[in-house]
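I opened a notebook page for this structure. The entries below record what I looked up, one topic at a time.

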Amino acid sequence: MRSLFIAASLLIATTTVAQTAAQKKATFINNLMKQMTLDEKIGQLNLVTPGGAVTGSVVSSDVEAKLKKGQVGGLFGIDGPAKIRQAQEIAVKESRLHIPLIFGLDVIHGHKTVFPIPLGLSASWDMALIERSARIAANEATADGLNWTFSPMVDISRDPRWGRISEGNGEDPYLGSQIAKAMVKGYQGDDLSKNNTLLACVKHFALYGGAEGGRDYNTVDMSKVRMYNEYLPPYKAAVEAGVGTVMSSFNVIDGVPATGNKWLLTDLLRKQWGFKGMVVSDYTSVNEMSNHGVGDLQAVSAQSLNAGLEMDMVGEGFLTTLKKSLKEGKVTLAQIETACRHILEAKYDLGLFDDPYRYCSEDRAKNEILSAANRAEARMIAARTFVLLKNEKQLLPLKKNGTIAVVGPLADSRRNMLGTWSVAGQHDKSVTVLEGIKASAGSTNVLYAKGANLSDDPVFAKKINVFGTEIEIDKRSPDEMIKEALEAASKSDVIVAVVGEAADMTGEASSMASLDIQPSQKKLLHALKATGKPIVMVLYTGRPLTLNWEAANMDAILNVWFGGTEGGNAVGDVLFGAYNPSGKLSASFPYSVGQIPVYHSMLNTGRPYNNEEFSKFKSNYLDIPNQPLFPFGFGLSYTKFEYSAVSLSASSLKIGGTIKATVTVKNTGSFDGEEVVQLYLRDVVGSISRPMRELKGFQKIFLKAGESKEVTFIIHSNDLKFYNSALQFVNETGDYELFIGTNSAETQKAAFKLTN
Ligand code: BGC
């Protein structure tokens, strides 16, 4: 009785403290807003960039004058405590109400210590590691003056033609949701007011990865059932994890641009999901609604505010038209005030009203950015994202003796190591593959030849080199370069060919119709193949590529994405066996571009075709298989893992209850290693057609050579829920199949019933 009483009074005490904190914040903001003029309120909704890292053709003008007039709520695209302090001082000392600015930047996969691109990080299937990468990024970014990142990007994409697939977590909503949560937690920590936590921004809301033809910024059109079941879950997961801000996307949804889409930004985000933070537009996405054909700047700005958009990135539609729209009754004062309040609340939560300079410490910047400790973690993390796609006759790991020829345009290219969206990354601080190999090779004799240009086409190179020279066309002719590579190969026992994409062949506005390795590099690979020497292909890519010839002709393929600052060292670690690769694809590698979209959770058709002998009138292609070349979840190890049959704790699962599925995984090879054990489910009969497989769980386990482990998944009936045609999130009783295995195509099966 007494302990109950104590517990109850404790509860009351904590609630009172919490209320007091919330009330204190409300009182502070109410008081501030009472002093603000309409212009100052609208000013808070304006997000500007003085240049630096920008992604649009428009850059804000007269930034300093606007800061003084209170016409700016936040600034993005700059970093460094000195620069940020300078801008903050103008806002705090020279504007009428001294309201501090919020400072944002695209801190996407690390700040100055750059981690692998997000698609690579997702291939680690290791949530603790991903969270850690975001934590380090937050620590470095806040040491560099920033307090807001435009990350995580959680757009599901099943179209590798789309360059931004590199910035996301691949094709699967379950994996994507786990990563969304891990990233938000990593950035925001448990208390935004600490000086090393960063306000996160989930983007691009919503469905941006579904662009038709994989062409960036293009139309998206999909059913609500698909939206709710497959594309929306990661954004929702980020909201549930407490993400502070949301960025609207460039695309239309049901014909209405996301930035001005009331159903999306108000009905779904706020009313259904209960989002309480602030919504920012993408770069000039308010203005771009005019190109979508829905009105002039005043009309689209009013539409966006009405829809629930609160901060206008760069375009200044809000700044220049909202007052007029208010006079004309096209928007309300309450809408402007709500938007302003959410922005001030974000600043309050960050502690900026207590100390506007709390993120501007030269000491922290000096000691905490690109530190040896951060680099060591980046190296460890990068190695865990690499995916071993082929390893014929155990060519890898390489022996530390004899001679190896390291060839290819990416072998010694510092400029390409960081990958896309590393706006604060310092290319000159990155480790090349050649350096990494030499550092790991022991007494091995290492020869090097470039062998080929990334591309021989100067017109193409110019498009890629917008941010710096990533594709450098050599003075020597392609034939001379190949000759040099062949000479190195002839003196070697094994060839390591480092080929693939330049860093900015993926990322924003980097769509590609062909997913083949560039012709210049193909030619090199063909010439190397003709030598008969064993070849390890180290593949740099920001997207799934079509690799049929390579898969048939290379002896080993290690896909290393873009590994970041320490990527080169991590490649050395994996090639020579200091780390046994454990990455698994988070997006299927198509057999051919004509297959796109190809993904593991497809629906069955009425005329299924499963690789049996050809017969007419089946759902197939005449010229290619239905299956991707490398399926979702695929990735080899230097060792071998054997799976037992699956055993279930019962033959049925009651709604509200759980069922246990168990397998034993044995490491039967001779290396210690990590394995991602994957769980898929299939709802055999439903009120709507249901995917043939849906990822519902995974565990990354470590097994010493010869060791076995029992792996158990506990499945709750809630894990079987889905959105039906009426968009109700329901359980439907009936037959289910369960699959556990090493990738989405190689699994052990069991079956159970879901009952009332
Ligand atoms: C991109 C966003 C990015 C923003 C600010 C836009 O072009 O779509 O992802 O956060 O620019 O740099």
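Entry 1, α16 and α22. I worked on a predicted model throughout. I began with the pair α16 and α22, which are oblique to each other. The axes of α16 (residues 372–383) and α22 (residues 567–575) cross at roughly 50° and come within 8 Å. An angle counts as oblique when it is outside the ranges for roughly parallel, roughly antiparallel and roughly perpendicular, the last of these being 65 to 115 degrees. I noted the hand of this crossing of α16 and α22 as right-handed. Next I listed the residues that meet: R379, A382 and A383 on the α16 side, and N569, A570, D573 and V574 on the α22 side. By class, the residues of this contact are four nonpolar, two charged and one polar.

Entry 2, α12 and α13. I then looked at how α12 (residues 297–307) packs against α13, and found an angle of about 85° with the axes 9 Å apart. The two helices, α12 and α13, are therefore roughly perpendicular to each other. From α12 the contact takes L297, Q298, S301, A302, S304 and L305, and from α13 it takes G317, F318, T320, T321, L322, K324 and S325. I sorted the residues of the α12 and α13 contact into seven polar, five nonpolar and one charged.

Entry 3, nonpolar cores. Which residues touch the most other members of the largest nonpolar core? I found L75, W148, F205, L207 and L232, in a core of 122 residues. Helix α6 (residues 127–143) gives this core its largest share, eight residues. I followed L232 further: leaving out residues up to four places away in sequence, L232 touches F205, A206, L207, M227, L268 and W273. There is also a second, separate core of 79 residues, and I noted A488, V494, L575 and F576 among its members.

Entry 4, cis peptide bonds. Most peptide bonds are trans, and most residues other than glycine have a negative phi, so I searched for exceptions to both. The bond from F205 to A206 is cis, with omega near 5°. A206 sits in the loop between β5 (201–205) and α8 (224–231), and A206 is also one of the residues that L232 touches. I found another cis bond between I596 and P597, where omega is about 0°. P597 belongs to the loop between α22 and β17 (641–643).

Entry 5, positive phi. V314 is not a glycine, yet I read a positive phi of about 70° for it. V314 is in the loop between β10 (312–313) and α13 (317–327). Is V314 buried or exposed? With a relative accessibility of 2%, V314 counts as buried. L370, also not a glycine, has a positive phi of about 50°. L370 lies in the loop between α15 (362–368) and α16. At 17% relative accessibility L370 counts as buried, because the cut-off for buried is under 20%.

Entry 6, K93. My last look-up was K93, in helix α4 (residues 81–94). K93 is exposed, at a relative accessible area of 56%, since exposed means over 50%. Apart from neighbours within four places in sequence, K93 contacts H98 and Y357. I also noted K68, which is 25 residues from K93 in sequence and 8.5 Å from K93 in space, C-alpha to C-alpha.

Notes:
Residues are numbered from 1 along each chain as its sequence is written. This is a predicted model: local features need pLDDT of at least 70, side-chain atom pairs count only at pLDDT 80 or more; totals for chains, interfaces and linings use all residues. Side-chain values use heavy atoms; hydrogens and water are left out. Axes are lines fitted to C-alpha atoms, for helices over the stretch in contact, and angles run from 0 to 180 degrees between N-to-C directions. Angles under 35 degrees count as roughly parallel, over 145 as roughly antiparallel, 65 to 115 as roughly perpendicular and the rest as oblique. A crossing is left-handed if the near helix is turned anticlockwise from the far one by less than a right angle, and right-handed if clockwise. Contact means heavy atoms within 4.5 Å. Ala, Val, Leu, Ile, Met, Phe, Trp, Tyr, Cys and Pro count as nonpolar, Asp, Glu, Lys and Arg as charged, and the others, Gly among them, as polar. A nonpolar core is a set of buried Ala, Val, Leu, Ile, Met, Phe, Trp, Tyr and Cys residues joined through side-chain atoms within 4.5 Å. Buried means under 20% relative accessible area, exposed over 50%, partly exposed in between (1.4 Å probe, protein chains only).
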